Amino acid sequence: MSTDAIVILKQDHKEIRSLFKQFEATGENATATKGKLVNKIIELLTVHTYIENEGMYPRVRELVPDLEDDVLESYEEHHVADVLCVELAGMAPDAERFDAKTAVLIENVTHHIEEEEQDWFPKVRAALSRKQLQEIGAHMLELKESAPRRPSQPSALKKTIDAVVS
Ligand SMILES: [Fe+2]
Ligand SMILES: [Fe+2]
């Protein structure tokens with residue numbers, strides 16, 4: 001398995017997008033299926049956001065100062081997704097707003113993933129060496145082991161706030 005940071009993150013993105021498609025393909029009344037899919041989406045996003053917040057973004061800020069604005073905007077986009085995940089995690093899948101909130105989460109995260117993959121990850125790849133990207137990737141794989149899996153775990157939100165405020 002590659003430890004290249006961008007390869008690892010893109011693999012996560014692929015899994016997340018596939019769950020989004022599955023959710024969008026479910027029928028009106030597939031409440032149980034939708035609940036399960038949203039649980040899985042929340043879990044993958046919580047882990048993914050954590051390893052980016054903790055492993056990728058701080059290193060990019062440090063090593064590629066030109067990308068500072070992109071990183072700051074991405075932290076804000078993570079924050080919006082975090083809020084939606086917290087709300088969805090506490091909502092029954094048959095609640096009136098469940099589908100609408102999930103649709104907004106999917107729209108936001110899809111936009112965010114596109115910006116990462118098309119806009120600033122290529123600049124990171126150009127600015128860093130293979131070795132640097134592999135070091136960042138290895139660190140993220142380590143972080144994955146102990147990453148929060150539910151947004152209610154304190155470590156899930158703390159780092160976003162710390163990273164932006166401190
Ligand atoms: Fe991200
Ligand atoms: Fe990402």
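Reader: What makes Glu52 count as buried?

Author: In this predicted model, the relative accessible area of Glu52 is 0%. A residue is called buried when that value is under 20%, so Glu52 is buried.

Reader: Why is Glu116 called buried?

Author: The same cut-off of under 20% applies. Glu116 has a relative accessible area of 0%, and therefore Glu116 is buried.

Reader: Why is His78 called buried, when its relative accessible area is 4%?

Author: Buried requires a value under 20%. The 4% of His78 meets that condition, so His78 is buried.

Reader: Which residues coordinate the iron ion (ligand 2), and through which atoms?

Author: The donors are His13 (NE2), His48 (NE2), Glu52 (OE) and Glu116 (OE), at 2.1 to 2.2 Å. Donor atoms must lie within 2.8 Å of the metal, and these distances satisfy that limit. Along the chain the donor residues of this ion follow the spacing H-x34-H-x3-E-x63-E. Glu52 belongs to helix α2 (residues 31–63) and Glu116 to helix α4 (residues 98–127), so this pair, 64 residues apart, links distant parts of the chain.

Reader: Why is the arrangement around the iron ion (ligand 2) called irregular?

Author: The four donor atoms subtend angles of 85 to 177 degrees. A tetrahedral site needs all angles between 85 and 135 degrees, and the angle of 177 degrees rules that out. The site is not classed as square planar either, and the arrangement is therefore irregular. For reference, ideal angles for four tetrahedral donors are 109.5 degrees.

Reader: Which residues are the protein donors of the iron ion (ligand 1)?

Author: They are Glu52 (OE), Tyr57 (OH), His78 (NE2), His112 (NE2) and Glu116 (OE), lying 2.0 to 2.5 Å from the ion. Their spacing in sequence is E-x4-Y-x20-H-x33-H-x3-E. Glu52 lies in helix α2 and His78 in helix α3, so this pair ties together parts that are 26 residues apart in sequence.

Reader: What does Glu52 bridge, and how far apart do the ions lie?

Author: Glu52 bridges the iron ion (ligand 2) and the iron ion (ligand 1), which lie 3.2 Å apart.

Reader: Why is the pair of Tyr57 and Tyr75 called edge-to-face?

Author: A pair of aromatic rings is described by the distance of the centres and the angle of the planes. For Tyr57 and Tyr75 the centres are 5.1 Å apart and the planes are at 80 degrees. Centres must lie within 6.5 Å, and planes over 60 degrees apart count as edge-to-face; the pair is therefore edge-to-face. Tyr57 is in helix α2 and Tyr75 in helix α3 (residues 68–89), 18 residues apart. Both tyrosines are buried. Three aromatic pairs are counted in the protein, and Tyr57, Tyr75, Trp120 and Phe121 form one aromatic cluster.

Reader: What makes Glu68 partly exposed rather than buried or exposed?

Author: Glu68, in helix α3, has a relative accessibility of 25%. Buried means under 20% and exposed over 50%, so with a value in between Glu68 counts as partly exposed. The C-alpha atoms of Glu68 and Val83 are separated by 23 Å, with their positions 15 residues apart along the chain counted as the sequence separation.

Reader: Why is His111 called partly exposed?

Author: His111 lies in helix α4 and has a relative accessible area of 39%. That value falls between the limits of 20% and 50%, so His111 is partly exposed. His111 and Glu77 are 34 residues apart in sequence and 9.4 Å apart in space, C-alpha to C-alpha.

Reader: Which residues lie closest to the centre of the largest pocket?

Author: The largest pocket holds about 150 Å³ of space. Of its 16 lining residues, Glu77, His78, Ala81, Val109 and His112 are the closest to the centre. Helices α1, α2, α3 and α4 each give two or more residues to the lining.

Reader: How many cavities of 30 Å³ or more are there?

Author: The count comes to one. The largest cavity has a volume of about 90 Å³, and among its 11 lining residues Leu45, Thr46, Asp82, Cys85 and Pro151 lie nearest its centre.

Reader: Where is confidence lowest, and where is it highest?

Author: Helix α6 (residues 154–165) has the lowest mean pLDDT, 61, and helix α1 (residues 5–25) the highest, 98. The protein averages 93, and 93% of the residues score at least 70.

Technical notes:
Residues numbered from 1 in each chain as written. Chains lettered and ligands numbered in written order. Predicted model: local features only at pLDDT ≥ 70, side-chain atom pairs only at ≥ 80, totals over all residues. Heavy atoms only, no water. pLDDT = per-residue confidence, 0-100. Helix = DSSP H or I, 4+ residues; strand = E, 2+ residues; numbered from the N terminus. Tetrahedral: all angles 85-135°; square planar, octahedral: opposite > 155°, others 65-115°. Buried < 20%, exposed > 50% of the residue type's maximum accessible area, 1.4 Å probe, protein only. Phe/Tyr/Trp six-rings, centres within 6.5 Å; stacked < 30°, edge-to-face > 60°. 1 Å grid on protein atoms, 1.4 Å probe; cavity = no way out; pocket = protein on both sides within 12 Å on 5 of 7 lines; lining within 4 Å. Points joined across faces, edges and corners; volume = space filled by probe spheres on them.
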